[in-house]
Amino acid sequence: MHSSTLSFQLWLLYFFTIMSSFYVTATSFDIPRLSPIRETILQNFEILSSATISEDFQTFYYNQTLDHFNYRPESYSTFQQRYIINFKYWGGGADQSNAPIFAYLGAESPLDNAPSVIGFLTDNAPQFKALLVYIEHRYYGKSIPFGSREEALKNASTLGYFNSAQALADYAEILLYIKQKYNATNSPVIVIGGSYGGMLAAWFRLKYPHVALGALASSAPILYFDDITPQNGYYSVVTKDFREASETCYETILNSWSQIDEVASQPDGLAILSNKFRTCRPLGDSYELKGYLRLMYAHAAQYNHPPDYPVSMVCGGIDGAAFGNDIISKIFAGVVAYKGNMSCYVNPPTNETETTVGWRWQRCSEMVIPIGTVNTTMFQPTPFNLSSFIDRCESLYGVSPRPHWVTTYYGGYDIKLILQRFASNIIFSNGLRDPYSSGGVLENISDSVVAIATINGSHCLDILRANQSSDPDWLVTQRETEIEIIEGWISKYYADLKAIK
């Protein structure tokens with residue numbers, strides 16, 4: 001094992017020890033992660049760099065500026081930022097056809113699996129003869145400043161360069177470099193992103209319109225900041241998804257929390273629950289179990305993809321009552337139906353991934369997404385408390401979050417009034433079964449800033465690889481509509497380019 005990997009594991013073990021006690025009393029601090037795909041807890045950190053991709057994808061590194069917005073000597077430090085290019089379908093730059101560039105903006109995870117998972121680019125590249133570019137977000141994967149991950153995540157001083165504005169500037173530098181290097185000055189760029197990456201894609205089009213002609217922002221909850229969206233928006237959609245799947249399932253979950261608390265309050269109650277749910281270690285309190293269940297239901301709803309439809313899987317288990325007819329047994333049956341038959345379920349012995357560690361910092365700096373639950377959902381009330389959130393972040397990093405910065409820097413309030421006058425060429429796509437759609441743009445802002453919402457859609461489903469055997473007709477139509485819009489942007493661009501020449 002490489003010494004750098006071992007150092008990072010030891011650092012994470014220390015960090016996890018602190019955070020274990022932190023989360024017991026602050027489960028509302030955590031939110032369902034923003035990612036195009038479900039998070040898999042990695043047992044071995046070497047998996048992060050072991051993924052292989054097709055030889056059509058070539059890996060490069062750009063000598064990236066540490067701080068784009070300052071002129072102090074240390075700002076001129078650089079780090080190696082990873083990006084991947086697929087030349088297979090490209091029709092060429094200025095000497096040929098000014099073929100477009102499709103750029104995937106990496107978000108809060110390593111770039112390793114993006115070329116194979118985010119199929120929207122490769123699925124549509126032949127039609128457009130597009131050059132495909134995938135850029136890794138700073139501080140994730142192999143794009144690490146300060147020489148090592150341990151040093152980069154050391155304290156708030158080194159983490160201070162870890163934010164979305166710096167990431168967007170990174171993308172702009174790399175894209176302009178690629179256009180120059182491959183004689184593609186007039187090749188139009190379409191940026192694509194999902195979830196947090198979808199927010200980055202939309203913001204990139206707004207901040208760098210001279211670099212990107214347009215943006216596809218999939219499942220981008222850009223309105224889930226600064227109380228624009230009610231804090232219970234996310235879990236209200238989770239509740240709706242489960243209730244639509246099965247009324248009895250919904251009622252069982254609704255009534256389960258008080259049942260769990262009642263059992264936990266009894267002598268040996270936590271031992272009973274630990275045994276019932278096959279926990280990986282004895283429960284310290286009921287919050288551990290309830291937090292596990294809450295995120296399980298959230299993930300099932302967020303990634304309610306065909307053909308499996310996880311919400312139906314969970315409810316099938318709950319309603320099937322394979323382990324008994326009492327509420328606790330039904331809830332456990334839902335866990336087994338969703339997770340499969342495992343030796344243990346709750347509180348497994350895991351190391352935290354770099355995504356978890358990195359996103360925690362982003363949450364505690366600028367990505368203050370106030371998600372909570374209230375009495376109108378199927379969950380026990382756990383309201384988001386900004387003061388407590390700030391206190392917890394200050395205890396972790398010694399700095400205070402900036403809950404109003406996203407709306408200050410990117411906007412968000414009165415979005416239709418503002419963006420219809422100057423924004424253009426953005427697709428906001430959302431599946432309405434995705435809980436994060438509650439913070440998304442669901443109505444057209446103008447003729448070219450459009451919302452595409454599917455009733456049965458889930459998180460980032462449209463930008464994942466197409467599957468002809470299982471994709472429902474509505475999903476095929478959604479993707480076709482998006483491509484038709486992008487094709488219109490590019491055609492108009494070519495006409496404008498020809499007119500000025």
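Salt bridges, counted by a rule based on the distance between charged side-chain atoms, come to 15 in this structure, which is a predicted model. The points below look at some of these salt bridges, then at the sheet and its strand 4, and lastly at a surface patch and a tryptophan.

**Salt bridges between separate parts of the chain**

- D123 and R465 form a salt bridge in which the closest N and O atoms are 3.6 Å apart. Because D123 belongs to helix 4 (residues 119-128) while R465 sits in the loop between strand 8 (449-454) and helix 19 (473-500), this pair ties together parts that are 342 residues apart in sequence.
- Both partners of this pair can be placed by their accessibility: D123 is partly exposed, with a relative accessible area of 33%, and R465 is also partly exposed, at 38%.
- R138 and D170 meet through their side chains in a salt bridge with an N to O distance of 2.7 Å. R138 lies in the loop between strand 4 (131-135) and helix 5 (149-152), whereas D170 lies in helix 7 (residues 164-181), so the salt bridge ties together parts that are 32 residues apart in sequence.
- Are R138 and D170 buried or exposed? R138 is buried, with a relative accessible area of 0%, and D170 is buried as well, with a value of 0%; the cut-off for calling a residue buried is under 20% relative accessible area.
- A salt bridge between the side chains of D261 and K290 has an N to O distance of 2.8 Å. Since D261 is part of helix 10 (residues 247-264) and K290 is part of helix 12 (residues 286-302), the pair ties together parts that are 29 residues apart in sequence.
- The two partners fall into separate accessibility classes, with D261 counted as partly exposed at 26% relative accessibility and K290 counted as buried at 9%.
- In addition, R82, D112 and E136 are joined into one network by salt bridges that share partners.

**The eight-stranded sheet**

- Eight strands make up an open sheet with mixed pairing, and their order across the sheet is 1-2-4-3-5-6-7-8.
- Strand 1 (57-65) and strand 8 stand at the edges of this sheet, and because each has a single partner strand, one side of each is left without a neighbour in the sheet.
- From one strand to the next, the twist of the sheet averages 20°.
- Strand 6 (residues 214-218) pairs with strand 7 (residues 426-431) in the parallel sense over four bridges, and within this part of the sheet S218 has S429, in strand 7, as its bridge partner.
- Helix 8 (residues 196-207) lies across strand 3 (101-105), strand 5 (189-194), strand 6 and strand 7, and the helix runs at about 150° to strand 5.

**Strand 4 and its neighbours**

- Why can strand 4 be called largely enclosed by the rest of the structure? Five of the five residues of strand 4 are buried, so the strand is largely enclosed in this way.
- In a regular strand, the side chains alternate between the two faces of the sheet. In strand 4 both faces are covered, with L131, V133 and I135 buried on one side and L132 and Y134 buried on the other.
- Strand 2 (residues 78-86) and strand 4 run antiparallel and are joined by four bridges, and the bridge partner of I84 in strand 4 is Y134.
- Strand 3 and strand 4, in turn, pair in the parallel sense over five bridges, and here L105 has I135 of strand 4 as its bridge partner.

**A nonpolar patch and a tryptophan**

- L417, I418 and F422 make a nonpolar patch of about 320 Å² on the surface.
- L417, one of the residues of this patch, lies in helix 18 (residues 415-422). The residue is exposed, with a relative accessible area of 55%, and the cut-off for exposed is over 50%.
- W405 is found in helix 17 (residues 405-409), where the residue counts as partly exposed at 35% relative accessibility.
- How far apart are W405 and F225 in sequence and in space? They are separated by 180 residues in sequence, while their C-alpha atoms are 9.2 Å apart in space.

Definitions and conventions
Residues are numbered from 1 along each chain as its sequence is written. This is a predicted model: local features need pLDDT of at least 70, side-chain atom pairs count only at pLDDT 80 or more; totals for chains, interfaces and linings use all residues. Side-chain values use heavy atoms; hydrogens and water are left out. Patches are made of residues with over 30% relative accessible area and no salt bridge: like charges are joined within 9 Å, nonpolar side chains (Val, Leu, Ile, Met, Phe, Trp, Tyr) within 5 Å. Accessible areas come from the Shrake-Rupley method with a 1.4 Å probe; for residues, only the protein chains shown count as cover. A salt bridge is a side-chain nitrogen of Lys or Arg within 4 Å of a carboxyl oxygen of Asp or Glu. Helices (H or I, at least four residues) and strands (E, at least two) are DSSP runs, numbered from the N terminus. Buried means under 20% relative accessible area, exposed over 50%, partly exposed in between (1.4 Å probe, protein chains only). Two strands pair if DSSP finds at least two bridges between them. Axes are lines fitted to C-alpha atoms, for helices over the stretch in contact, and angles run from 0 to 180 degrees between N-to-C directions. Contact means heavy atoms within 4.5 Å.
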